[in-house]
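Reader: I am new to this structure. Please take one part and go through it closely, with the terms explained as they come up.

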Amino acid sequence: MNRDVIIACDFKSAEDTFAFLDLFRGEERKPFLKIGMELYYAEGPSIVREIKRRGHRIFLDLKLHDIPNTVKKAMAVLSRLDVDMCNVHAAGTIEMMKAAREGLTREDGTRPLLIAVTQLTSTSEERMRRELLIGASIDETIVKYARNTKEAGLDGVVCSPLEAGMVHEACGAEFLTVTPGVRFADGDVADQVRVTTPARAREIGSDFIVVGRPITAASDPVAAYRRCVAEFLGASRSRPPAGKIAFHMKTVKFFYQRNCPFCRKAMRYIDEARAAHPELAAVTVEPIEETDEPEVADRFDYYYVPTFFVGGVKAHEGGILPDEVERVLRMALE
């Protein structure tokens with residue numbers, strides 16, 4: 001299954017869902033859709049069957065988490081719905097995930113893709129430690145959960161796009177990363193914490209991105225979907241061949257705060273610079289939200305955000321203009 005954008009259909013009713021899907025009737029590309037708890041619990045299996053009848057692929061996002069035997073029986077029921085992807089919580093243990101896979105597998109040996117949630121994108125490391133009493137770092141926890149998932153024989157994990165690269169490094173390139181927490185550079189992050197843009201998600205290594213409100217709540221959802229597809233799937237086409245630039249390239253560290261309007265502008269300028277100048281698509285920009293990662297921010301000498309460091313050297317601090325962003329990115333190629 002190729003990379004794709006999955007629209008989160010987090011609607012309260014079938015009526016709202018089909019009103020939204022009717023907007024895409026003229027589109028050649030039928031969107032891949034996610035059906036979550038709210039819609040499934042409101043409408044039941046019939047909503048899945050009707051959306052499949054309309055020709056859409058479906059990620060059924062119910063995040064099963066129970067004793068192994070219960071999960072196995074529930075998955076056996078879901079396997080009859082002909083969805084393309086479904087999931088469990090990796091915290092349910094390897095045994096539970098193996099049971100889920102067994103229940104999902106049909107008599108002919110086929111089954112939908114099965115993935116496991118590592119940590120929800122609304123969970124910060126501080127909250128994980130304080131409320132869940134998990135002493136390991138969030139990165140260590142996610143990699144461990146991903147390895148457990150692979151050991152259980154599942155196809156991949158749900159994680160933040162910021163963690164897709166390290167998951168692939170730990171579990172291999174064929175192990176899928178399905179990543180919510182994706183917003184346009186000029187959009188609102190809402191209740192999610194570990195987020196990035198479609199272009200950056202592709203660059204880090206996401207195989208699928210799950211996008212809800214930036215598309216479903218947009219004034220023109222079709223245009224927003226097209227933009228998301230272009231930014232996510234287009235990034236690979238604009239990237240120069242391996243070895244041409246990356247050998248000498250420095251990493252750009254981008255310190256920001258999610259509620260800072262100047263930071264949001266900087267994110268938009270980064271995406272615009274990459275779109276206008278294909279050679280800049282190869283530059284690795286590491287976004288660091290300083291309130292989420294104070295231990296990283298404290299190691300660098302700056303006061304205002306946004307701030308950019310290129311190869312460990314401060315390149316810009318404070319409000320920034322489009323031509324200044326381009327200059328910073330080009331410094332990484334020098």
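Author: **Helix 14 and the sheet beneath**

Val325, Val328 and Leu329 are buried in helix 14, residues 322–331. Buried means under 20% relative accessible area, with a 1.4 Å probe and protein chains only; helices are DSSP runs (H or I, at least four residues), strands are runs of E (at least two), and both are numbered from the N terminus. Viewed down the axis of helix 14, the buried residues lie within an arc of 95°, so they line one face of the helix. The arc is taken from the directions that lead from the helix axis to the C-beta atoms.

The model is predicted: local features need pLDDT of at least 70, side-chain atom pairs count only at pLDDT 80 or more, and totals for chains, interfaces and linings use all residues. Residues are numbered from 1 along each chain as its sequence is written, and side-chain values use heavy atoms, leaving out hydrogens and water. pLDDT is the predictor's confidence in each residue, from 0 to 100; its mean over the protein chain is 88.

The cover over the buried residues of helix 14 includes helix 12 (261–276) and strand 9 (252–256). Four strands form an open, mixed sheet in the order 10-9-11-12, where pairing requires at least two DSSP bridges between two strands. Strand 10 and strand 12 are the edge strands. Strand 9 pairs with strand 10 in the parallel sense over five bridges, and Phe255 has Ile288 of strand 10 as its bridge partner. Helix 14 packs on this sheet, touching strands 9, 10, 11 and 12, and its direction makes about 170° with that of strand 12. Contact means heavy atoms within 4.5 Å; angles run from 0 to 180 degrees between N-to-C directions, with axes fitted to C-alpha atoms, for helices over the stretch in contact.

Technical notes. Buried means under 20% relative accessible area, exposed over 50%, partly exposed in between (1.4 Å probe, protein chains only).
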